[in-house]
Each structure stands twice: as C-alpha cells, then as structure tokens.
Amino acid sequence: MAPPSPDALLELALLCDEIFDEEETLKKFECSKKRCGRESGTSISSIEASLHSKVLSELCTLDSATDTATDISFKKIHEHMRFGGSDNTGLEHLYSNHWMKPKKLNLVLDLDHTLINSSYIEDLTCDEIHLVDQASTTKDAGSLHRLDFNDCSMLLKLRPFVRQFLEEANTMFDLYVYTMGTRDYAAEVVKILDPENKYFTSKVISREDCTQSGVKALDIVPGSKACTIILDDTLSVWTQEDRENIIEIWKYNFFASSSPDSYSSCKTLTQKRTDEREADGTLASILSVLKDAYWEFLLMDDEQSGLQPDFRRILKEMRNEILRGCLVAFTGVPPRRGWISQWQVAEQLGAKCSTVVDSSATHVLAVHCSPSVAEWALENGKFLVHVNWLESARFLWRRPREEEYLLPTRS
C-alpha cells in the first residue's frame, strides 16, 4: 500500500493542529480497554509503545502492532504523536474512515427556556420591574436585553454561558434554531445571540415553518437524523420518532411569568435571587456531553461494529452509564411528582430500581420519609437523597454529589 500523499498528510496535519490544541481534547484518544485490553489512560513505556500503532502523550489510541523504526512522526502537529509506519493501514484508516466523515454535524437548538428566557414587561412582578432599567437596548455582550417589536415590549435574559456554548458548539456542529415562537420573535432573539451572524445565518426555523401544526419535526432540517442532536427543554413538542435525538435540558426559568409550575422546588431564579452558574451550570455540562458524543461519533469504528455512526445510539449508551452501579429504592415519592416517570428515568440512567428498602440498595430516594427509614439509612450507611438528586443526574448527565441532596436522618 502506498504511503499517504503529501496533500493528504497536509490536510491531516491541519485537522490535527486544530483538534489537538486543547489538553482536554487529548483525553479523548486515551487507550480503550475494549480495544486493547488496557485500562483507559494506561501509560505506555517507550519500549511498550512499539506494540501500539497510534501513540499520543504516552497513551495508546489504537491497538495494531507496529515497529517504532518505521513510525511516522507528527511532532509538528503534536510533540507526543506518531503513527505506526510499518502498518500504513492504521494511518489510512484514521484518515479515510474518521476524518473523511463530515466534520460538522447538526445541532438543533430550542430558544425559550433552553438558550434564553423572556417575559413581557407588563408581566414582570414588583420584584422584577427594576430589571427594565438594567436591560440593554443594543446588541451588546450583556445578558439582559429589552426587545421592542410588533408593538410589544419584552425583557430577554440570556442563559449563563450561552455565548461560550455557541462559540464552542459551532466548531463541531452546524447550528440551527428551531422554536415554536413566531418568525419575527425568533429573528429578534437571534440578532442578540448571534449579532455577527456567525452561527445561524439563515438556519432559523419558527412555527410558521413547521410541517405539522403545533409539533416540531426534523423533516425540515437538512441531513440524516443519525447525524443530528436536538437540545430542547420539552420532549412533548417533538414528534415521537424524533425524541431519541433529544438531549432534554433543564428548563431555564428566570422570570416569574415564564413558569406556570407552582411547586416550591420550581421557583424561578428571580424569586430565588440567583442565577445558574457559568463554569459548571447547565449549558457547560451539556457542552461536555456534546463534545463526548461528537468524538464518539467521529471515532466509531464502522468496520468492526458493522453499524453506521448514529448519535441516537451514542446518546442512549452515554445516558445509560450515568447511574450504573446504583440500586435506587423508592419511598415516599408522591404521585404528583411522577413516580412512574422517575422510575423510568432512573432505569434510563443505568440504575436498578426497587420499592424494597433493604441492604441491596445504594440509594433511598424520597421527598419525605418515615423516621424508621431515615434511621435505617443512617445505621446502614445508605444515601438517603431527595428526588431532586435524580433530576440533577438526568439533566446534568453526571452522578451528582449525594451530599448536596441528603434528607435529614434525625429530627
């Protein structure tokens, strides 16, 4: 087999130069136990490296045998990166099978309660009316904006981290806005989110564009559903066949008028006099999930698995790992909180569920529980957590720290 052409190597170098510029990204190329029998991240000595065809920062990335004497060095791309030269199929496989896949895939974004929250000024509470004076009327970098259009006056609050989220997501995905709001409203919001027209250009879909009345569908988004992820706070607004593509995001309720939910646990952020965190809040957590799913998609070995890369399968597998190893015993969860749906959520996250509180349980999930159950959990070293622990795992795509959700074990 002929070695890669100079043009092919140059293109690969440019791609790698862009991809390997962040240390966090390098972790995606750690040795997979499934591929070569090593634990992920196992360090490889210089001698052992001869048995691995792709080595990056002393971490095996693929497992084909190679001879270091014929390795192709890519130090100009990354100082610790090289490809096995005795087995050119490795380099060709990486080049043709991964990098020739589309670099940008589809990410479809909802607006309200996902990227922003808005309220008519006339609906602001007495505790919120002062925000009108703080709002910007220009397309500046602030998070609070005033919209005056079609004889309406509104306040628009950008979700924390949204600008960084769009900037980074745009390097991996073609971004679309898909909202059940009007076309005029969507256009005004997009002007604030994307003032330089870098992300969305003409890729804004409103309710006037829907092919099915009152329902969103991917049939008007170009490209394969297997290459598309949806970010939305509401599953029910999508057709049933498109719900596998959805990453459901925590509803962003900043203004009181935007939340009809009367549960005390669902107070809006202005009522709590707080806001989501930037660094590790909802959008930052979702961005991490998107990065992982993106790399899984690009690095999927079609020839070995016999399956085409599919975001839906990747999301399902990632979701199923979140609470793997947990056995959740449900007790005292009232019907209005959706006991059955909570059970289903726990199973989707990889947990096993039970109504029996015994020694096999790792977590006891409740809103309120009897003193006897609380005492048993304390004596047996079990996590007694509020049902919000499960909600956090669902929306943040990670196992939350139980210490932040513990119920009192003694009165």
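These questions and answers walk through a predicted model of a protein chain.

Reader: What does the protein chain average in pLDDT?
Author: The model is predicted, so confidence comes up early. Of the residues, 70% score at least 70. The average pLDDT of the protein chain is 77.

Reader: Which element has the highest mean pLDDT, and which the lowest?
Author: Strand E11 covers residues 228–232, and its mean of 98 is the highest among the elements. At the other end is a helix at residues 33–36, with a mean of 39. Where pLDDT is low, the predicted coordinates should not be read in detail. The highest is E11; the lowest is helix H3.

Reader: How many contacts beyond four places in sequence does the model have for residues 8–14?
Author: Over residues 8–14, pLDDT stays under 50. The model still has contacts for them beyond four places in sequence, and the number is ten.

Reader: And how many contacts beyond near neighbours in sequence does the stretch 85–101 have?
Author: Residues 85–101 also have pLDDT below 50. Beyond near neighbours in sequence, the count of contacts in the model is 46.

Reader: Which strands stand at the edges of the open sheet of four strands?
Author: The order is E14-E13-E15-E16, with parallel pairing. An edge strand has a single partner, so one of its sides is left without a neighbour in the sheet. That describes strand E14 (352–354) and strand E16 (383–386).

Reader: Which residue in E14 stands opposite Val328?
Author: Strand E13 (residues 327–330) runs parallel to E14 and is joined to E14 by three bridges. Opposite Val328, in E14, stands Cys353.

Reader: Which helix lies across E13, E15 and E16?
Author: Neighbouring strands of this four-strand sheet are turned by 30° against each other on average, direction ignored. A helix of residues 388–396 lies across E13, strand E15 (363–366) and E16. Its angle to E16 is about 75°. The helix is H14.

Reader: Are H9 and H11 oblique or roughly parallel to each other?
Author: Helix H9 (residues 282–299) packs with helix H11 (residues 311–319) at about 125°. Their axes are 10 Å apart, and the crossing is right-handed. Angles over 145 degrees would count as roughly antiparallel, and 65 to 115 as roughly perpendicular. H9 and H11 are therefore oblique.

Reader: How many charged residues are in the contact of H9 with H11?
Author: Residues of H9, including Val289, Tyr294 and Phe297, meet Phe311, Ile314, Leu315 and Met318 in H11. Asp292 and Glu296 of H9 also take part. By class there are eight nonpolar residues and no polar ones; the charged residues number two.

Reader: Are H6 and H9 oblique or roughly parallel to each other?
Author: Helix H6 (residues 162–169) packs with H9 at about 10°, with the axes 10 Å apart. Val162, Phe165, Glu168 and Ala169 in H6 meet residues of H9, among them Leu283 and Lys291. Angles under 35 degrees count as roughly parallel. H6 and H9 are therefore roughly parallel.

Reader: What is the order of the open sheet of three strands?
Author: Its pairing is antiparallel. Strand E6 (116–120) and strand E7 (144–149) are the edge strands, each pairing on one side only. Five bridges join E6 to strand E8 (residues 152–158). The order is E6-E8-E7.

Reader: Which helix lies across E6, E7 and E8?
Author: In this three-strand sheet, the twist averages 25° from one strand to the next. A helix of residues 183–193 lies across E6, E7 and E8, at about 145° to E7. That helix is H7.

Key. Residues are numbered from 1 along each chain as its sequence is written. This is a predicted model: local features need pLDDT of at least 70, side-chain atom pairs count only at pLDDT 80 or more; totals for chains, interfaces and linings use all residues. Side-chain values use heavy atoms; hydrogens and water are left out. pLDDT is the predictor's confidence in each residue, from 0 to 100. Helices (H or I, at least four residues) and strands (E, at least two) are DSSP runs, numbered from the N terminus. Contact means heavy atoms within 4.5 Å. Two strands pair if DSSP finds at least two bridges between them. Axes are lines fitted to C-alpha atoms, for helices over the stretch in contact, and angles run from 0 to 180 degrees between N-to-C directions. A crossing is left-handed if the near helix is turned anticlockwise from the far one by less than a right angle, and right-handed if clockwise. Ala, Val, Leu, Ile, Met, Phe, Trp, Tyr, Cys and Pro count as nonpolar, Asp, Glu, Lys and Arg as charged, and the others, Gly among them, as polar.
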